[in-house]
Each structure stands twice: as structure tokens, then as C-alpha cells.
Amino acid sequence: LDVVRTNIERLSGSVVVSSQVGQGTTFRLTLPLTLALVQTMLVTVHKTLYAVPVTSINGAMYVAEAEVSTVRGKPVLDWQGATLPLIDLREMFIHPHLTTGEANGIKPSIVLVNWGKHRVGLVADRIIGQQEIVVKSLSPLIGPTPGLSGATILGDGRIALIVDVPGLVNKALRAQRTSSKQGE
């Protein structure tokens with residue numbers, strides 16, 4: 001037990017042991033959130049890496065392979081008999097000054113995600129691939145960051161921002177409602 005306690009404390013965790021005569025002993029191990037491992041799909045938007053949790057992903061494709069159209073001036077994807085709204089990560093994470101990926105010779109990609117009853121497509125410049133990451137929470141000094149749940153440092157030293165799919169979908173829906181009311 002001493003070796004376990006030493007190693008857990010080295011990771012900034014703790015071990016609490018409580019005993020009651022005739023009842024037994026309880027061992028409570030606490031590890032920091034930074035040790036949470038998450039399987040993700042890495043995508044890029046310009047030079048920024050984003051990690052989308054695989055638990056939210058339903059598929060991925062290139063824009064050229066998909067039927068993209070517009071409904072009320074907003075891009076949508078016709079996929080498996082459903083019309084899914086598209087969320088451009090450049091717009092959601094404030095990259096409006098950048099040209100679109102297609103103009104740069106990049107074939108944009110769509111990552112299809114689910115959150116509750118909502119199904120949407122996230123538009124990124126490129127899909128890098130799947131990778132298991134260690135979650136690092138964002139500092140409270142940064143303030144609220146809708147659509148992002150943390151960050152990670154990849155094996156090669158690059159930083160990837162972790163996409164909070166529910167937060168991103170909510171942010172997109174709020175933005176859509178706001179623009180709809182302004183257009184009326």
C-alpha cells in the first residue's frame with residue numbers, strides 16, 4: 001500500500017484510508033482530472049489542432065463526397081436521408097479572417113457528431129486521425145470557453161484543443177437563433 005500511495009501522490013493524487021471496527025476498511029483513491037484518457041479524432045483548422053471525442057462521432061467524410069446545400073442561407077448536409085446542419089469550426093472558433101480550406105488547395109472535411117437528439121457536421125480543413133489523449137483542464141483565468149472542454153499536449157509537443165460537442169452545438173444553436181431573430 002505504501003508503494004501505491006507514493007505513486008499516486010507523485011501524480012498529485014491522494015489515498016484516504018478509513019476503518020471502522022467490525023465494519024471494514026475503505027480505501028478512497030483520488031486522481032486529478034488531468035489523468036483522464038479520451039479517444040479522439042484530431043482535425044485541423046488552419047494551423048490549430050482540435051480533438052473531437054470519438055464517443056460523439058458518427059462518421060467522417062470529405063466535403064467533395066457529400067451533398068452540401070443550403071437551407072435559409074445556412075449550409076446543410078444531406079446524409080442517410082436526413083438533413084444535418086453544418087458547423088464551420090473556423091466561424092465557431094473565430095477564424096473569420098482566414099480563407100476557406102478549398103481556396104488553399106485543401107479538401108475540407110466533415111466530422112459527423114451526435115449530441116442527444118442533435119446530429120450535426122463539423123467542418124474542418126483536414127482530418128488527421130484518431131489518437132488517445134490525456135485531458136488537461138483549461139485555467140480559470142481563461143474564463144468560459146463555450147465549445148472547448150480542455151486541451152492536451154500531443155507526443156510531438158503540439159497542443160490540441162478538446163472540442164466540447166454539447167457546448168459547441170448549443171453555441172451554434174444560440175448563434176443561429178440570434179441571426180434568425182435579427183433577420184426577421
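In this predicted model, five strands form an open sheet in the order β11-β3-β4-β13-β12, and the pairing within this sheet is mixed. Its edges are held by β11 and β12 (148-153), each of which pairs on one side only. From one strand to the next, the twist averages 35 degrees. As a reminder for readers new to such folds, strands of a sheet pair through backbone hydrogen bonds, either parallel or antiparallel.

Strand β3 is a good place to start the tour. On one side, β3 (residues 37-45) pairs with β11 (residues 126-134) in the antiparallel sense, over eight bridges. Within this pairing, glutamine 39 faces glutamate 132 of β11. β3 also pairs with β4 (residues 48-53), again in the antiparallel sense, and here there are six bridges. Two positions help to trace the register of β3 against β4: threonine 40 stands opposite proline 53, and threonine 44 stands opposite leucine 49.

The link from β3 to β4 deserves a look of its own. The two strands form a hairpin with two residues between them. Histidine 46 lies in this loop between β3 and β4, and its phi is near 55 degrees, a positive value in a residue other than glycine. With a relative accessibility of 40%, histidine 46 counts as partly exposed. A positive phi is also found at arginine 72, where the angle is near 55 degrees. Arginine 72 is placed in the loop between β6 and β7 (74-79). The relative accessible area of arginine 72 is 83%, so this residue is exposed.

Strand β6 leads on to another open sheet, in which six strands follow the order β5-β9-β10-β8-β7-β6 with mixed pairing. β5 (57-62) and β6 (67-71) stand at its edges with a single partner strand each, so one side of each is left without a neighbour in the sheet. Neighbouring strands of this sheet are turned by 35 degrees against each other on average, direction ignored. Inside the order, β9 and β10 (residues 118-124) pair in the antiparallel sense over seven bridges. One of the facing pairs joins valine 113 to valine 120, its bridge partner in β10.

Turning to side chains, which contacts stand out among the aromatic rings? The structure holds one aromatic pair. It is made by tyrosine 50 and phenylalanine 93, whose ring centres are 4.9 Å apart and whose planes meet at 15 degrees, so the pair is stacked. Tyrosine 50 belongs to strand β4, while phenylalanine 93 sits in the loop between α2 (89-92) and β9 (109-115), so the contact ties together parts that are 43 residues apart in sequence. Tyrosine 50 has a relative accessibility of 2% and counts as buried. Phenylalanine 93 is likewise buried, with a relative accessible area of 12%.

Charged side chains add further contacts, and the structure holds three salt bridges. One of them joins arginine 90 and aspartate 125, with an N to O distance of 2.6 Å. Arginine 90 lies in helix α2 and aspartate 125 in the loop between β10 and β11, so this salt bridge ties together parts that are 35 residues apart in sequence. Are these two charged residues buried or exposed? Both arginine 90 and aspartate 125 are buried.

Another salt bridge links aspartate 2 to arginine 5, and here the closest N and O atoms are 3.6 Å apart. Both residues lie in helix α1, three residues apart, which is about one turn of the helix. Aspartate 2 counts as exposed at 52% relative accessibility, whereas arginine 5 counts as partly exposed at 38%. A further salt bridge brings together the side chains of arginine 158 and aspartate 156, at 2.7 Å from N to O. In this pair, arginine 158 is partly exposed, with 41% relative accessibility, and aspartate 156 is exposed, with 51%.

Helix α1 also takes part in a feature of the surface. Valine 4 is found in this helix, which covers residues 2-10, and at 40% relative accessibility valine 4 counts as partly exposed. Together with Leu1, Val17, Phe27 and Leu29, Val4 makes a nonpolar surface patch of about 480 Å².

Note on methods: Residues are numbered from 1 along each chain as its sequence is written. This is a predicted model: local features need pLDDT of at least 70, side-chain atom pairs count only at pLDDT 80 or more; totals for chains, interfaces and linings use all residues. Side-chain values use heavy atoms; hydrogens and water are left out. Patches are made of residues with over 30% relative accessible area and no salt bridge: like charges are joined within 9 Å, nonpolar side chains (Val, Leu, Ile, Met, Phe, Trp, Tyr) within 5 Å. Accessible areas come from the Shrake-Rupley method with a 1.4 Å probe; for residues, only the protein chains shown count as cover. A salt bridge is a side-chain nitrogen of Lys or Arg within 4 Å of a carboxyl oxygen of Asp or Glu. Helices (H or I, at least four residues) and strands (E, at least two) are DSSP runs, numbered from the N terminus. Buried means under 20% relative accessible area, exposed over 50%, partly exposed in between (1.4 Å probe, protein chains only). Two strands pair if DSSP finds at least two bridges between them. Axes are lines fitted to C-alpha atoms, for helices over the stretch in contact, and angles run from 0 to 180 degrees between N-to-C directions. Rings of Phe, Tyr and Trp (its six-membered ring) pair if their centres lie within 6.5 Å; planes under 30 degrees apart count as stacked, over 60 as edge-to-face and the rest as tilted.
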